[in-house]
Amino acid sequence: MVKTGLYAEIIVDLAVRKTDHVFHYAVPQEFEDVLQIGSRVLVPFRERQLAGYVVGFGLPESQVHIREIAGILDEEPVFSLELLELARWMSESYLCSTAEALQRIISPRLQVKSGREVRRIIPALAGEELEQIVASMSRAPRQAAVLRAAMASPGLSVKELAATAETTSKTVKLLVDKGYLAAVKKTASQDTSGYDGPQFAAGYGALQLNADQTTALEQIEAALKNGKFNTFLLHGVTGSGKTEVYLRAIAAALQEGRQAVALVPEIALTPQMIELFQARFGSLVAVLHSGLAGTARYQAWRRVKSGEAPVVLGTRSAVFAPMPRPGLFIIDEEHESTYKQDDHLRYHAREVALKRAQQSGSVVILGSATPSLESYLRAGKGGLYHLLELPARIGNHPLPPVQVVDMREEIRRGNRGIFSLSLIEAISRRLERHEQVILFLNRRGYANFVVCRECGLVLKCPSCDISLTYHLDGRLRCHYCNYSITLPTLCPKCSSKNIRHFGVGTQKVEEEARRLFPQAKILRMDSDTTSRRGSHERIINSFRDGHTDILIGTQMIAKGLDLPKVTLVGVINADTTLHMPDFRAAERTFQLLTQVAGRAGRGSLAGEVQVQTYTPEHYSIIAAAAHDYESFYRSEAPVRRALGYPPFNHLARLLLTYADEEILTKGALLAKELLEKIVTSCNHPIEVLGPAPAPLSRIKGQFRWQLVLKGPHRNTLKDVLKESLIILDKERPAFKPSVHVDINPQGMS
Ligand code: ADP
Ligand code: ZN
Ligand code: ZN
């Protein structure tokens with residue numbers, strides 16, 4: 001990492017450009033010893049000064065127009081070679097600039113720019129000497145006061161010290177100049193790190209691993225010893241003790257002198273989870289997530305970078321943790337769509353973790369009760385991953401029985417309400433016994449599909465097999481290929497008039513529940529009731545403490561909660577997920593139902609799950625009810641294969657947005673033409689679908705249309721998109737819509 005010349009190669013951070021600009025700058029003599037790869041610098045660029053990153057050293061091709069680096073922004077490099085390599089890979093994979101990727105990687109660092117430049121004042125002489133000086137200062141009481149204050153509380157800033165001694169900064173500086181006091185630069189982490197040496201908590205090893213856990217851990221430990229890139233898919237049912245395997249694997253990585261990061265979905269990063277890690281690894285743990293305030297996040301980042309905190313627990317962005325020698329990457333609930341960043345730089349934390357592990361010879365553990373099809377396929381015969389299975393709950397606790405309730409029957413019986421008779425009866429029983437109930441509703445803003453309430457028919461696109469979505473123009477549309485039909489007045493299958501669009505919110509469910517169970521204490525948890533800070537915890541605590549009988553909620557309550565008194569989970573309707581206009585709808589339904597079912601019967605009381613649906617014959621519902629991942633996979637995989645969807649193919653989305661819909665649609669057609677031309681000329685078997693309105697066809701006055709690309713190789717998809725972006729950028733200055741690219745999107749709202 002030592003420089004080899006007087007010229008540095010610098011990526012200049014030009015916000016507006018998607019491409020990298022690497023420029024040579026001369027290194028002034030005074031920077032020669034401090035400048036390294038990874039240093040963040042200030043450079044003159046045209047008339048401005050911009051930030052840049054040193055990515056190498058070397059001679060420029062010509063000496064003309066070479067300018068000098070103006071300043072160094074940090075005391076030490078902000079990224080390592082490993083992370084620079086990662087940024088380059090991200091720029092290739094996600095079609096962003098390396099500068100953008102670097103920004104994302106070091107973002108906790110960037111949040112604290114000015115704060116850390118503060119100088120701390122400490123005594124420069126021994127205590128006795130200073131006291132003598134103070135004693136001799138009878139004619140300079142202000143200076144004496146400053147010295148006394150500096151001895152009493154070393155480490156204050158100039159301003160703070162001046163305030164303490166009731167004088168001005170000038171007096172403090174005078175004493176520094178005289179050599180009585182010293183100004184030291186300290187990084188924020190040194191101020192308050194609280195680090196007190198390695199610490200493993202007592203109680204470690206108190207749990208006796210069961211046979212499946214032991215087998216899994218043995219293989220992971222062997223791979224860690226081996227020190228080579230290796231990926232495991234830990235497929236364990238809910239409550240099978242995956243977390244314990246993670247904790248032991250982390251301990252094993254530490255033994256090898258490596259660091260470990262464990263990623264959990266946003267929603268699962270609960271205080272209980274953090275406590276669990278801290279109980280095992282004490283102060284070796286750093287928690288990294290984007291919700292942390294600037295300084296706290298920076299301190300955690302520093303502790304990771306320095307090696308003080310070799311165990312990182314965090315959400316998506318913690319995958320960039322600056323560990324000096326990473327050895328283990330754990331992704332819990334690896335199927336979760338929240339691992340994909342869905343704005344701006346659309347990276348997938350699982351892909352990034354795999355890349356970093358490959359670069360650093362690390363082990364990856366992907367854990368889930370319901371693995372993504374992508375991961376399960378790779379863990380199959382001859383695949384890249386090793387499959388580790390935990391098929392039973394700890395202590396062989398049974399998984400709760402799941403009853404599927406056919407809502408079509410309810411209509412036939414004359415019950416047009418939200419609750420089936422069966423669910424009403426089950427809830428009443430729980431209320432009598434003073435047990436608790438969770439009612440779950442998956443609500444997505446764009447779940448605007450049409451269902452026949454007599455026969456359960458949902459209208460789908462004949463070529464894409466995704467549900468058609470009801471639009472304001474009164475037509476039903478496919479969001480992938482733009483196929484459309486008029487809304488039928490009679491069901492095409494059973495001729496019922498009872499075909500209409502569907503959707504019920506949590507508020508409606510709450511109203512209905514209050515009407516049916518006036519004596520019950522009911523709380524609702526969704527984005528409306530939890531927008532205020534702390535309200536999430538308040539609702540959960542009220543429920544945990546038994547002050548609430550029925551908790552009604554969305555995705556938020558589906559995971560992570562360990563509530564022993566919950567003996568009934570009701571899914572109000574499985575169809576809102578099942579008929580999302582997305583090729584992953586069935587997979588999401590299976591995952592969600594499995595997760596929700598995992599909330600019931602976790603204590604000593606037996607649990608029960610009821611799932612209401614108009615399509616009880618759907619394989620994802622049947623498989624979830626049977627707790628049978630294998631059977632779900634066997635039904636879903638052929639559908640994906642036949643329609644050319646991931647994991648057998650790759651998909652990309654080009655989202656176009658603009659305030660004027662006419663200009664937008666014209667632009668979308670132009671983009672389609674361009675893409676087809678590129679595809680034909682380079683002879684790639686890529687299909688270009690659309691343009692079609694996106695499921696959320698308008699956000700904040702911006703209309704949204706999309707093109708969907710399907711092809712067998714990620715790289716060719718990416719290359720085609722890259723070329724189209726370059727052409728749109730350079731050759732079509734009149735092209736107005738904003739363009740957003742997402743390769744292998746996790747959802748397309
Ligand atoms: P998962 O993450 O697979 O859903 P958890 O890790 O939450 O499962 O484990 C469920 C419960 O079982 C936890 O309370 C955990 O402490 C406990 N547990 C895990 N392993 C063992 C074991 N070997 N013996 C006893 N209890 C265990
Ligand atoms: Zn029908
Ligand atoms: Zn279609």
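# Report on a predicted model with one bound ligand and two zinc sites

Tyr376 is a buried residue, with a relative accessible area of 8%. The structure described here is a predicted model. Tyr376 belongs to helix H14, which spans residues 373–378. Along the chain Tyr376 is 139 residues apart from Val237, while in space the two are 14 Å apart, taken from C-alpha to C-alpha.

## A buried aspartate

Asp742 is part of strand E31, made up of residues 738–743. With a relative accessibility of 6%, Asp742 counts as buried; the threshold for this term is under 20%. The side chain of Asp742 makes a polar contact of 2.7 Å with the side chain of Lys340.

## The surroundings of ligand 1

Ligand 1 has 14 residues around it, and those that come nearest are Gln208, Gln213, Gly239, Lys242 and Thr243. What is the make-up of this shell in terms of nonpolar, polar and charged residues? Four residues of the shell are nonpolar, eight are polar and two are charged. Helix H10, formed by residues 242–255, gives the most to the shell, namely three residues.

Several atoms of the protein can be placed with respect to oxygen atoms of ligand 1. For Gly241, a backbone N or O atom lies 3.0 Å from an oxygen atom of the ligand. For Lys242, an N or O atom in the side chain is 2.9 Å from an oxygen atom of ligand 1. For Thr243, a polar side-chain atom lies 3.0 Å from an oxygen atom of ligand 1. On its own, ligand 1 has 560 Å² of accessible area, and the protein covers 66% of this area.

## Two zinc sites

Ligands 2 and 3 are zinc ions, and their protein donors are listed in the table.

| Zinc ion | Donor residues (atom) | Distance to the ion | Angles among donor atoms |
|---|---|---|---|
| Ligand 2 | Cys452, Cys455, Cys491 and Cys494 (SG) | 2.2 to 2.3 Å | 104 to 113° |
| Ligand 3 | Cys461, Cys464, Cys478 and Cys481 (SG) | 2.3 to 2.4 Å | 108 to 111° |

For four tetrahedral donors at a metal, the ideal angle is 109.5 degrees. The site of ligand 2 is tetrahedral, with angles of 104 to 113° among its four donor atoms. The site of ligand 3 is also tetrahedral, and its angles run from 108 to 111°.

The donors of ligand 2 follow the spacing C-x2-C-x35-C-x2-C in the sequence. Why does the pair Cys455 and Cys494 tie together parts that are 39 residues apart in sequence? Cys455 is located in the loop between strand E19 (450–452) and strand E20 (469–470), and Cys494 in the loop between strand E22 (484–486) and strand E23 (499–501), so the pair links these separate parts of the chain. Cys455 is buried, at a relative accessible area of 12%, whereas Cys494 is partly exposed, at 34%.

The donors of ligand 3 are spaced C-x2-C-x13-C-x2-C. Cys464 lies in the loop between E19 and E20, and Cys478 lies in the loop between strand E21 (475–477) and E22, so this pair ties together parts that are 14 residues apart in sequence. Are Cys464 and Cys478 buried or exposed? Cys464 counts as buried at 2% relative accessibility, and Cys478 counts as buried at 0%.

## Backbone features

Most peptide bonds are trans, and most residues other than glycine have a negative phi. The following positions depart from these general patterns.

Where are cis peptide bonds found? One joins Pro646 and Pro647, with omega at about 10°. Pro647 is placed in the loop between helix H22 (629–643) and strand E28 (650–658). Another cis peptide bond joins Gly690 and Pro691, with omega at about 5°. Pro691 is placed in strand E29, which covers residues 687–699.

A positive phi occurs at Leu95, where the value is near 55°. Leu95 lies in the loop between helix H1 (81–94) and helix H2 (98–105), and at 11% relative accessibility Leu95 counts as buried. Asn683 also has a positive phi, with a value near 60°. The loop that holds Asn683 runs between helix H23 (661–681) and E29. At 68% relative accessibility, Asn683 counts as exposed.

Terms used. Residues are numbered from 1 along each chain as its sequence is written. Chains are lettered from A and ligands numbered from 1 in the order in which they are written. This is a predicted model: local features need pLDDT of at least 70, side-chain atom pairs count only at pLDDT 80 or more; totals for chains, interfaces and linings use all residues. Side-chain values use heavy atoms; hydrogens and water are left out. A residue is near a molecule or strand if one of its heavy atoms lies within 4 Å of it. A polar contact is a pair of N or O atoms within 3.5 Å; within protein, one must be able to donate a hydrogen and the other to accept it, and residues adjacent in sequence count only if both atoms are side-chain atoms. Accessible areas come from the Shrake-Rupley method with a 1.4 Å probe; for residues, only the protein chains shown count as cover. Helices (H or I, at least four residues) and strands (E, at least two) are DSSP runs, numbered from the N terminus. Ala, Val, Leu, Ile, Met, Phe, Trp, Tyr, Cys and Pro count as nonpolar, Asp, Glu, Lys and Arg as charged, and the others, Gly among them, as polar. Donors are N, O and S atoms within 2.8 Å of the metal (3.2 Å for Na, K and Ca); water is not among the atoms, so sites may look incomplete. Four donors count as tetrahedral if all angles lie between 85 and 135 degrees; four count as square planar and six as octahedral if opposite donors are over 155 degrees apart and all others between 65 and 115; anything else is irregular. Buried means under 20% relative accessible area, exposed over 50%, partly exposed in between (1.4 Å probe, protein chains only).
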